[in-house]
Amino acid sequence: MLLIRCPYCEEERPELEFRNAGEAHIARSADMAATSDDDFEKFFFIRSNPKGIIYERWRHMHGCARFFNAVRDTVSDRFLMTYKAGEPKPAKLPGASE
Amino acid sequence: MIATFRIPGAGRLKQAETARFSFDGQSYAGVEGETLASALLANGVHLVGRSFKYHRPRGFLSAGAEEPNALVEIKRDSARRTPNVRATVQELYDGLTAQSQNRWPSLAFDVSALGDIASPLLSAGFYYKTFMWPKSAWKNFYEPRIRAAAGLGVAPDQPDPDRYSARFAHCDVLVLGGGAAGIAAALAAAETGVRVILADEQADFGGSLRFESGARIDGQDGFAWAQGAVAKLGAMDNVRVLSRTTAFGYYAQNFVGLVERVSDHLQNPGRALPRERLWQVRAKRVVLATGAIERHMVFADNDRPGVMLASAARTYLNHFGVAVGRNVGVYTANDSAYAAAIDLKKAGVGVAAIVDLRDNPTGSMIDEARALGIEVNFGRAVIRAGGKLRVSSMTVQPKNGGGERTIPVDAILMSAGWTPSVHLFSQSRGKVAFNDETKRFVPGTYAQDCVSVGACNGTDGLSATIDEAYAAGAKAAKDAGANTVKATKPKVDASESWSRGMLGAAPGAGPDTTVKAFVDFQNDVTAKDIRQAVHEGMRSIEHVKRFTTNGMATDQGKTSNMHGLAIAAETLGKPIPQVGLTTFRAPYTPVTFGSIVGHARGKLFDPTRKTAIHPWAEAQGAVFEDVGQWKRAWYFPKAGEDMHAAVDRECVTVRKTAGLFDASTLGKIEVVGPDAAKFMELLYTNPWEKLEPGRCRYGIMLREDGFIYDDGVVGRLAADRFHVTTTTGGAPRVMNHMEDYLQTEFPHLNVWLTSTTEQWAVIAVQGPKSRDIIAPLVEGIDMSDGALPHMSVREGRICGVPTRLFRMSFTGERGFEVNVPADYGQAVWEALWSEGQKHGACAYGTEAMHVLRAEKGYIIVGQDTDGTVTPGDAGLDWAVGKKKTDFVGIRGMARPDLVAKGRKQLVGLKTKDPKVVLEEGAQIVGDPKQAIPMTMIGHVTSSYWSQNCGRSIALALVAGGRDRMGETLYVPMANAMIEVEVTGMVFFDEKGERLNG
């Protein structure tokens with residue numbers, strides 16, 4: 001069971017309290033109705049599924065109930081960092097080279 | 001009575017405490033505190049089981065958790081029958097009843113042992129080859145017979161009556177293994193004051209100090225030192241000491257699962273104690289002190305009862321005071337077996353000879369053995385064990401060939417060396433490294449905050465072990481945040497040293513032989529099987545393992561993995577590291593389902609949700625159905641009524657007078673805030689801005705892909721407040737869906753969401769008399785059609801309590817839904833019920849609700865839709881705001897495939913024979929005469945007998961359905977081809993006049 005730091009509660013809590021909510025930084029178009037078929041395909045269907053660093057959304061379901069973003073290494077399952085929803089993709093990752 | 005093989009003065013048990021026990025019906029005496037294995041050996045019993053495949057007689061190999069052979073069934077009563085218990089682990093209690101397994105009719109004469117003679121047919125991969133033809137014979141003939149003959153114990157056939165508990169724990173330093181290394185590490189960490197947990201799988205701490213008679217620490221015998229140290233640790237407030245506790249799994253971020261066997265060793269555990277306790281421990285640092293496991297020698301018939309590990313024989317002697325024979329032989333490739341020979345000889349047991357595979361080893365052990373008058377042979381191999389139910393001799397030959405000599409013995413003690421227990425390290429995703437000099441895998445690259453110490457780290461010698469472990473314990477504490485304190489490291493005064501050994505098959509069991517030299521005892525895998533796997537094309541050790549099943553038994557190859565690997569490597573002509581070690585997986589030893597499940601079974605498996613009105617429905621004799629976690633009243637049968645009759649009556653009564661229905665399980669979400677209407681515009685297809693407060697609207701929620709996700713009636717209570725209802729099953733996911741968009745896509749909207757599902761009890765009163773029933777109880781709401789039209793909502797009071805009164809209908813009749821705070825739900829229901837009685841109203845359940853809504857063509861999301869249905873497919877285009885520029889699903893809905901012709905559309909079906917009720921899920925075809933497989937153009941989603949219509953009715957998704965009105969289609973069933981007509985979805989009151997009737 002992983003330990004996940006909730007950026008709102010500012011605490012590490014067990015995975016049991018959280019739910020994964022898919023890949024992060026996939027913005028919904030402000031003009032959704034005018035989105036082309038190709039752009040809609042990218043937005044709705046295509047996910048990166050990397051071996052390595054993934055940016056993903058989690059929800060502190062049984063805690064503060066907030067959605068937030070996390071950076072996880074899919075090989076080691078290590079969480080490199082978490083940050084609040086709406087914040088930009090971090091430029092630098094702590095301990096990424098470890 | 002002192003049993004035959006007990007050595008007076010040897011061992012650490014209090015001889016006075018006798019325990020009677022039985023094995024295969026025979027009664028024996030043992031001593032409390034010893035294992036079942038020790039007690040049987042004390043009585044001279046070696047034969048305890050039959051092997052998995054060949055049904056060969058088997059005895060004890062070990063004295064611990066690695067035991068592959070001595071699996072027995074322990075029976076406390078008819079329900080407490082535990083198969084596959086390792087007799088080397090099970091502690092004796094007075095009255096213990098054990099039985100051998102996998103034999104018929106008896107252990108000494110087993111009919112299936114013929115499998116041993118037929119063994120050429122049962123070699124590696126036999127499942128895939130021998131029994132393949134004819135194909136049909138596998139299922140009906142071979143498989144049942146093989147399954148009956150092979151296998152271990154028999155699973156219990158009654159529910160487990162025992163209790164299992166579970167605990168979460170946190171600590172700074174978790175020490176796994178309570179031998180010299182673990183104790184030293186725990187002492188170092190504990191002295192700093194950090195929180196320490198020390199766990200060991202045995203009843204007594206000490207690990208190999210239990211048999212190492214040569215160890216002395218701090219001026220005491222090693223085992224005595226261990227007991228003193230653990231007592232000291234146990235008395236410290238910051239330390240938890242767990243004995244009989246196996247760390248079975250090492251998971252992410254230092255999360256370790258342990259099982260504590262709380263009461264399996266007690267005669268009368270009583271009801272207060274659980275049988276086992278699951279510990280889920282999160283540790284800042286983990287110290288692995290899991291020791292090493294001795295390997296057997298691989299030679300012909302090395303599985304005869306009486307052939308065992310040298311360290312096991314020492315444990316039985318030095319710890320339990322039991323001799324494993326009267327005249328033992330020793331076969332070894334390292335020094336440690338000499339210690340066994342010396343200890344036994346000193347205890348008065350005859351040692352026929354030591355056979356040492358090495359050419360000219362030297363050392364104090366060898367000198368001491370010689371000094372005691374033991375015959376020592378170098379450069380020789382035991383090429384065969386004699387005997388069948390018990391070993392009777394060992395045949396010795398120079399290892400490069402030559403004259404054979406057969407020596408009578410009643411036990412053979414063997415040691416091929418020691419394998420570091422890297423199981424937990426490997427489970428932690430650490431990478432092992434092969435040490436070419438010592439020929440063993442040791443921890444290499446760490447993946448987690450842990451450290452290995454002592455034998456499991458390949459550290460030889462007690463002194464080096466304690467130095468390493470003590471330093472590691474202190475460092476772990478420091479890393480976990482402790483301050484440095486003055487150290488009092490244990491001092492090693494004397495120790496034994498044994499390392500090295502050999503891997504693979506011994507002479508006499510080499511590539512040119514066909515003997516049965518067992519590598520894996522539990523799965524009956526021989527050296528020859530492994531070579532055969534390589535010859536048949538297996539190259540990776542993972543393939544060899546699966547083809548031969550080497551290491552795949554319940555002992556997970558604790559004794560066999562390294563031998564198997566070495567034989568495969570030799571056959572492949574590759575160095576061992578290039579062939580690779582198989583992956584270790586949890587659990588380290590078998591774990592009961594009970595301990596994993598814990599309290600979460602029966603009523604505690606999943607919450608049961610009941611509405612406020614549940615007790616009333618129960619008292620009325622309602623039959624309930626499960627809807628998710630909810631118990632819902634399904635129908636209310638009167639005396640003599642079956643379900644069909646009850647549902648028909650309920651349906652007719654609702655349309656004739658009125659019915660009361662408990663709709664409390666509906667999901668309810670309060671959407672509040674200045675931007676509440678804007679939020680609703682984005683989450684639902686419908687327009688909301690212009691909906692006046694006091695009015696309701698049927699809302700459809702889509703996913704971004706344009707498919708229907710949920711639906712429900714929404715009431716606008718004020719400009720900034722919506723009372724949203726969802727489907728019963730959809731409430732949590734709809735709430736999650738809304739929160740997701742509010743928090744991440746539309747955070748600029750000033751809106752709060754609150755789940756109010758359990759705050760409101762909901763009583764639907766439907767039917768022509770519904771207003772007459774409610775009106776007398778309501779205060780402050782004008783209930784005239786003008787003031788409270790269909791699809792409106794008012795706040796007021798009913799029976800003196802606050803209510804949100806909805807005028808709405810899921811039956812097509814004039815209808816209301818009375819929302820009251822859940823605490824008043826039953827009282828208000830009873831008041832409405834007694835009003836209803838005056839008008840001849842009934843209570844109706846979910847089945848009648850389903851029929852009534854189907855008569856009106858109202859859909860149920862999840863029944864008439866399946867996640868691929870758009871509003872257009874469901875005939876709900878009218879509910880999509882045409883002028884809206886955005887809502888979730890607006891783009892998905894417009895995808896080419898979703899607007900293409902020929903999509904499956906929801907329509908009504910009427911069977912040509914009105915009495916025939918279709919099966920829900922049945923497929924629909926156009927041409928009944930077409931060849932099979934037919935082209936299916938749709939399926940039935942809802943189907944009922946409608947007493948109100950006097951016929952069966954059905955809804956179905958049919959390709960291009962709305963263009964097929966009046967068309968005849970067919971529903972092919974196993975015994976009939978049912979003719980149906982495509983119709984509209986409304987079967988009753990097509991004009992909808994009854995909503996105001």
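Two strands pair if DSSP finds at least two bridges between them, and strands (E, at least two residues) and helices (H or I, at least four) are DSSP runs numbered from the N terminus. Everything below comes from a predicted model, in which local features need pLDDT of at least 70, side-chain atom pairs count only at pLDDT 80 or more, and totals for chains, interfaces and linings use all residues. Residues are numbered from 1 along each chain as its sequence is written, chains are lettered from A and ligands numbered from 1 in the order in which they are written, and side-chain values use heavy atoms, with hydrogens and water left out.

**View 1. A hairpin in chain B is built from β36(B) and β37(B).** Strand β36 covers residues 696-702 of chain B, and β37 covers residues 708-718. The two run antiparallel and are joined by 7 bridges. Look for B:L702, which faces B:I708 of β37(B). Between the strands sit 5 residues, and B:G706 takes a positive phi near 95 degrees. Of the 7 residues in β36(B), 6 are buried (buried is under 20% relative accessible area, exposed over 50%, partly exposed in between, with a 1.4 Å probe and protein chains only).

**View 2. A hairpin in chain A is formed by β5(A) and β6(A).** Here 5 bridges link β5 (residues 67-73) to β6 (residues 79-84), and the strands run antiparallel. A:F68 has A:K84 in β6(A) as its bridge partner. This hairpin has 5 residues between its strands, and A:D77 in the turn shows a positive phi of about 70 degrees.

**View 3. Helix α12 of chain B is mostly covered.** The helix spans residues 527-535, and 7 of its 9 residues are buried. Among them are B:A527, B:I530 and B:V534, along with the charged-type residues B:D529 and B:R531. Just after the helix comes B:G537, with a positive phi of about 110 degrees.

**View 4. B:T246 sits in strand β13 of chain B.** That strand takes in residues 245-251. With a relative accessible area of 6%, B:T246 is buried. Leaving aside residues up to four places away in sequence, B:T246 touches B:E201, B:G257, B:L258, B:V259, B:R261, B:Y588 and B:T589 (contact means heavy atoms within 4.5 Å).

**View 5. Cysteines appear here without disulfides.** A search of the whole structure finds 0 disulfides over all chains, a disulfide being a pair of cysteine sulfur atoms within 2.5 Å. A:C6 is in none, and its nearest cysteine sulfur, that of A:C9, is 3.7 Å away. A:C6 is also buried, at 0% relative accessible area. B:C842 is in no disulfide either; the nearest cysteine sulfur belongs to B:C651, 8.6 Å away. B:C842 counts as buried too, at 6% relative accessibility.

**View 6. Chain B as a whole gives the setting for its close-ups.** The chain has 24 helices and 51 strands, and its C-alpha atoms fill a box of roughly 115 × 75 × 55 Å along the principal axes. Of its 997 residues, 58% are buried. Among contacts with a separation of 6 or more, 67% join residues 24 or more positions apart.
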